[in-house]
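What follows is a walk through the structure, moving from charged pairs to aromatic pairs and then to the place where the chains meet.

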Amino acid sequence: MSDDTKSPHDSVGRVMGTEHTTTQEFRVALDSDNYLQLDDLVVVRSDIPRLGELHTYGVVTETEAIYEGATFESDTHRIAADGILPAQKVRSAHVAVTRVHPEVWVAPDPGQPVFRAAGVQRERALYVDEMERPLPVGVGRDGQAVFVDLDFFDGRKGGHMSISGISGVATKTSFALFFLRMLTARRDVVGAGATNLRVLVFNVKGEDLLWLDKRNAHFARDKKHADTWKVLGVEPAPFPSVAFWAPPRRQSSDAVVPDTGSRHQDVSAFRWTPRELIDEGLLRFLFTDASDARNQIPFIEERVRHQLSRWAVDVAGRPGAVVLRQPPPGGHPRRTTVKPAPGELVIDDLSTLVEAIEPHIDPEDGEPDRAWTGRVQAGTLSAFLRRLHAAVHRLGHLIKAGESRRIDRQKAQVTVVAIQTLHELAQRFVVGALLDETFRHKEQSGQRLPLSAIVLDELNKYAPREGTSPLKDMLVDIAQRGRSLGVLLVGAQQTASRVSPEVMENASIRVVGRLDAAEAERAEYGWMLPATRARARLLKPGTMVLSQPSIPVPLVLTFPFPPWATRREEVAEDGDAFDEIL
Amino acid sequence: MRRRLYVENWAPHYGSPFEADDEVSPATAEVQLEVESKGKPWQPRAGYDGGVESIAFIDGVRRIDARVTIDDPELGPVPGICISLAYGAVIWDARARRSEIAEARVQRLAIFAQGQSVAVPQAGPTLRYRSESVPTSDPAALTTVMQTRMRQAEGELGRELARRGHLVIADGPIHPLEPASVVGYIKSQRAAYLPPEKVPCVAALGPGERTPLFVFSSGGSFARYSWYTRLEDIEHGHTWSGVARCECTGAFALEDASRLADETTFLLPRFASAAHIEARAPQNLVPVAALERHLRRLLGDQALVYRALCAAVAGTPLR
């Protein structure tokens, strides 16, 4: 134990004795020549009978000042303007206890000197000494690193991260990416999980994430940015290994061009072939509207999905395309290809797929094929078809025969999938397809490592509080089982109250940026202290509140300006000042 | 059988509270009205700013902590009181426009009747009672001693601060032995010193004005200069509301006394208290009220002190 709690000369004040101290909180009467500010970490030493020395650690949650001796509001003038009333200015601070050491829950003694926690004491206050793998995730008010216990993110003791905050200040995604950067750059902390760590990021708005591999020209404007990165132990640099994927443009004839606005270079177009759609059962992700589950559409969908996988046969010379043929008993032999008969419909995109399904469901004459529809009402059948037709219109360009253009998550450490141009239905389809693929892959391997992280903004769209959908079911599944399978969800949303509670509850690490005032009062944010809640309405971009299981109070931290560009205008040209500051 | 000391379980403040009233009775006071006016009609005079740098306001509080009894096998019960006195000063710095509690002292005394005196066991780290006695068996004499000690302590502090260069405003009449810049400040006007023909001048006083000086002596032994001053015009008040009486030593030459009166008259309204805050407004001055609150705190919690005394004394056999 360092000596800094023993000499009273550098204390900031004393534990207040006019009210009870508790194991939860106490107040500090500050020395007139010193101060404490919000989020400062402090330590108090008390001598407890039969126990000896006890250290109480805490974080400042509020500071106050008052004229002692003033009884009435107008006394302020008597004291400050005319000086006829003797009074003493007293500054004080509220402290929420983070820890007692040794762990005997006894309130600190009144009158004891209070010290800023530094060095070993600071680490104790933040439980860093108990974290096996402390990963820096920002800096505190004192400019020193604040850590998360990685065991609670990567599945050892807990998993997933949830980020909430109002949109527009770009904090949620920024923090998620900053966190990923720490995760991918601090291999020394992450350990075995860092090897072959794969990250899947969806770009849902703007094109902010399409420049992760480019240096940010604005970074060099303030040397503080680089200093902060230094504290965090990471070289400020763009992501070294990123692959960008975007859906193809609709009108692209034969050439497949990614549908992005600002960036085309190094962006690959992705889509699925009808064969892939059928094999992976992606049909279900065409019916992800929460209202779909209320009628019998999922029932038909499941029938149709099953029938498609039985009936589909590859077409010779047309990779990815299929024809539908009545399977012989025992089914079509695997990997056979056929030549389409004259007049036989070749399924080479979503439109032809729907065209091929339609006769089974709604034949021009006669009854629907029960093997394809089951016993559902005619109205449900036409609702099903209506949705299929809508899907052709909205995401038809994502399904096309030809060489496989599915997203290769192994190509780079970070895979950015740009879905901002897609219709909501198509966005859900892509998210569903990729999550399913990731999760299934890990399920098959049964191994937690290598870790696979998924960053998904606007989580409330994919796993809303109300209703059910295949996508929501899968996200709930990931939230519940992903921890043990090494599939880690970094979910972001404006309002946690609109996201499925099952998904929220499973996030061990919770982060909040600026919140809407009404939202901040909701039960979802009950883990924040009242003072922190009040402040959450005022947080500036770059400031977050962090909660993790290993620390009983939320911490406020700031994370540094990114060294990667978030807009085309920020991209640094060669010979920029970027390197000079490093 | 030995003498024993007991703490009575009667509430300490039981019995008639003794209010200090050192006011000179008009019957015994010989008043000279024309020292300053020199025979001219009395007119209100405005105070003026004499550049006073600091004022020390003196006040004290006292409390009977416990009533005690010496159970003497021969004398029977001998009454006594344990008292606490706190007195101090607020110093107002004119330039810095700041007041500060500069002095605050506490004395604790045990006073016994019938010339008896026993040591009270120490009741706590700061609860040491110094014993003394009065020769009579009159219980009222006990509180008179308390009063006297208070006045002595306050007087001493006042003279000390005056020597340090402060203008001292003392609470109540002065003990005018020494020529010092100590102004006695009397809040309430129970005695009437002025003949009817001078009273209209008091009624005519505006805030920051005073009457001409008058001198009175008691029994011919010493003289004091005195004057009335108005602190504030009180809406719906009678002609004497908002008026205080001040006095200073008769050892001063007339012009020195005049100057002191003028400066004080100029300054006092600034310290007047507001009626909605202070029950004794405006006369109970703001710094004095604050000092009083502070001093009461210094006396310690009454119940706690009483309990500590009980515990310390509990039937203690006395040596």
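In this predicted model, a convenient place to begin is chain B, where the side chains of Glu247(B) and Arg245(B) meet in a salt bridge with an N to O distance of 3.0 Å. Both partners are shielded: Glu247(B) has 0% relative accessibility and therefore counts as buried, and Arg245(B), with a relative accessible area of 1%, is buried as well.

A second salt bridge of chain B joins Glu103(B) to Arg164(B), with the closest N and O atoms 3.3 Å apart. Because Glu103(B) lies in strand S6 of chain B and Arg164(B) in the loop between helix H1 (139-163) and strand S8 (167-171), this pair ties together parts that are 61 residues apart in sequence. The two ends of the bridge fall into separate classes of accessibility, since Glu103(B), at 16%, counts as buried, whereas Arg164(B), with a relative accessible area of 47%, is partly exposed.

Over all chains, a search of the whole structure finds 63 salt bridges. One of them, in chain A, pairs Arg481(A) with Glu443(A), whose closest N and O atoms are 2.5 Å apart. This pair links distant parts of the chain, for Arg481(A) belongs to helix H13 (residues 470-485) and Glu443(A) to helix H11 (residues 424-445), 38 residues apart. Here both partners count as partly exposed, Arg481(A) at 34% relative accessibility and Glu443(A) at 35%. Elsewhere in chain A, salt bridges link Arg99(A), Arg124(A), Asp129(A) and Glu130(A) in a network.

Turning from charged side chains to rings, the search of the whole structure finds 19 aromatic pairs over all chains. In the pair formed by Phe175(A) and Phe559(A), the ring centres are 5.2 Å apart and the planes stand at 70°, so the arrangement is edge-to-face. Since Phe175(A) lies in helix H3 (residues 171-185) of chain A and Phe559(A) in the segment after strand S21 (551-558) of chain A, the pair ties together parts that are 384 residues apart in sequence. Phe175(A), at 0% relative accessibility, counts as buried, and Phe559(A), at 12%, counts as buried too.

Helix H3 of chain A also holds Phe178(A), and because its partner Trp229(A) lies in helix H5 (residues 223-232) of chain A, this pair ties together parts that are 51 residues apart in sequence. The rings of Phe178(A) and Trp229(A) are edge-to-face, with 5.6 Å from centre to centre and 75° between the planes, and both residues are buried. These four aromatic residues, along with Phe239(A) and Trp564(A), are linked by ring pairs into a cluster.

How, finally, do the two chains meet, and how many residues of each are in contact? On one side there are 16 residues of chain B, and on the other 14 residues of chain A. The area buried between chain B and chain A is about 1,100 Å², of which carbon and sulfur atoms give 57%. Arg97(B), Ile277(B) and Val286(B) supply 42% of the area that chain B buries against chain A, more than any other three residues. The elements that give two or more residues to this side of chain B are strand S5 (76-93), strand S6 (98-112) and helix H4 (286-299), and the residues of that side divide into 9 nonpolar, 2 polar and 5 charged. Despite those charged residues, the rule finds 0 salt bridges across the interface of chain B and chain A, while 4 residue pairs are in polar contact between the chains, both residues of each pair being at pLDDT 80 or more.

Definitions and conventions. Residues numbered from 1 in each chain as written. Chains lettered and ligands numbered in written order. Heavy atoms only, no water. Contact = heavy atoms within 4.5 Å. Buried area = accessible area lost by both parts, 1.4 Å probe. Salt bridge = Lys/Arg side-chain N within 4 Å of Asp/Glu carboxyl O. Polar contact = N/O pair within 3.5 Å; in protein donor to acceptor, adjacent residues only side chain to side chain. Helix = DSSP H or I, 4+ residues; strand = E, 2+ residues; numbered from the N terminus. Nonpolar A, V, L, I, M, F, W, Y, C, P; charged D, E, K, R; others polar. Phe/Tyr/Trp six-rings, centres within 6.5 Å; stacked < 30°, edge-to-face > 60°. Buried < 20%, exposed > 50% of the residue type's maximum accessible area, 1.4 Å probe, protein only.
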